[in-house]
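Here are some friendly notes for a colleague opening this model. Please keep the structure in view as you go through the points.

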Amino acid sequence: MLKGISPLLSPELLKVLAEMGHGDEIVIGDANFAAQSLGQRVVRCDGLGGVELLDAILSLLPLDTFVETPVNLMQVVPGTLDADPPIWQDFAATVDKHQKNVHIGQVERFAFYDRARKAYACVSTSERALYACIILKKGVV
């Protein structure tokens, strides 16, 4: 246990966050996300939800200020939901808590998968909310 670091961040996840460089991406996937088949490196965070893990990660990870959307969500497949997924508001509030005026983009489902394949790491959570997958692009300290 370390002072000032969320206990939700496992040693393995802390190592991944520290190894990432400027411009590297990390995916936080929900319980339905195929992290094991898509990710180059996969960190399992069983029992954790997406919002609480996002909060813990953003307490350490700066977001890239050199790109328009350093945070991206998996776009809703047309016809599956009548409105934006409720968790998106929680994601936006969490991002805003750590870094103001961040634009959050949306990536089409299969393009999201392509980015996940290229991401530095994928984090697998137990989040059960629909469309609770998010990509973060690391910035500089």
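1. A definition helps to begin with: a residue is called buried when its relative accessible area is under 20%, and exposed when that area is over 50%. Please also keep in mind that this is a predicted model. With those cut-offs, Tyr-131 counts as buried because its relative accessibility is 14%.

2. Let us stay with Tyr-131 for a moment. This residue sits in the loop between E5 and E6. Its phi is near 55°, a positive value in a residue other than glycine. Tyr-131 is also one of the residues that line the largest pocket.

3. What lines that pocket, and how much space lies in it? The lining consists of Asp-30, Asn-32, Phe-33, Ala-34, Leu-38, Met-74, Tyr-113, Ala-129, Leu-130, Tyr-131 and Cys-133. By class, the lining residues divide into 9 nonpolar, 1 polar and 1 charged. The space in the largest pocket comes to about 150 Å³.

4. Now step back to the whole chain. The secondary structure comes to 5 helices and 6 strands. Following the sequence, you will meet them in the pattern α-β-α-β-α-β-α-β-α-β-β.

5. How does the overall size agree with that of a compact globule? For 141 residues, a compact globule would have a radius of gyration near 14 Å, and the protein chain, with 14 Å, agrees. Along its principal axes, the C-alpha trace spans about 45 × 30 × 25 Å. Buried residues make up 48% of the 141 residues. The accessible surface is about 7500 Å², and 52% of this surface belongs to carbon and sulfur atoms.

6. Contacts in this chain reach across the sequence. Taking contacts between residues at least 6 apart, 88% join residues at least 24 apart. Ala-119 offers a local example, with its C-alpha 9.3 Å from that of Leu-38 although 81 residues separate them in sequence. Ala-119 lies in the loop between helix H5 (109–118) and E5. Its relative accessible area is 1%, so Ala-119 is buried. Not counting residues up to four places away, Ala-119 touches Glu-25, Val-27 and Gln-40.

7. Helix H3 is a good place to look at packing. Which residues of helix H3 (residues 50–58) are buried? They are Gly-50, Leu-53, Leu-54, Ala-56, Ile-57 and Leu-58. These buried residues pack against helices H1 (11–19) and H4 (87–98), as well as strands E1 (25–29), E2 (42–45), E5 (121–125) and E6 (134–137).

8. Just ahead of that helix, Leu-48 is found in the loop between E2 and H3. At 15% relative accessibility, Leu-48 counts as buried. Leaving aside neighbours within four places in sequence, Leu-48 is in contact with Leu-8, Leu-53, Thr-125, Ser-126 and Glu-127. The C-alpha atoms of Leu-48 and Ser-124 are 9.0 Å apart, with these positions 76 residues apart along the chain.

9. Are Asn-101 and Pro-11 buried or exposed? Asn-101 counts as exposed, with 72% relative accessibility, and lies in the loop between H4 and strand E4 (104–107). Asn-101 is not a glycine, yet has a positive phi of about 60°. Pro-11, in helix H1, is exposed with a relative accessible area of 70%. The C-alpha atoms of Pro-11 and Arg-109 are separated by 30 Å, and the two residues are 98 apart along the chain.

Note on methods: Residues are numbered from 1 along each chain as its sequence is written. This is a predicted model: local features need pLDDT of at least 70, side-chain atom pairs count only at pLDDT 80 or more; totals for chains, interfaces and linings use all residues. Side-chain values use heavy atoms; hydrogens and water are left out. Buried means under 20% relative accessible area, exposed over 50%, partly exposed in between (1.4 Å probe, protein chains only). Helices (H or I, at least four residues) and strands (E, at least two) are DSSP runs, numbered from the N terminus. Contact means heavy atoms within 4.5 Å. On a 1 Å grid over the protein atoms alone, a cavity is a set of points where a 1.4 Å probe fits but cannot get out, and a pocket is an open set with protein on both sides within 12 Å along at least five of seven lines; lining residues have an atom within 4 Å of a point. Grid points are joined across faces, edges and corners, and a volume is the space filled by probe spheres set on the points. Ala, Val, Leu, Ile, Met, Phe, Trp, Tyr, Cys and Pro count as nonpolar, Asp, Glu, Lys and Arg as charged, and the others, Gly among them, as polar. The radius of gyration is taken over C-alpha atoms; the globule rule is 2.2 Å times the number of residues to the power 0.38. Accessible areas come from the Shrake-Rupley method with a 1.4 Å probe; for residues, only the protein chains shown count as cover.
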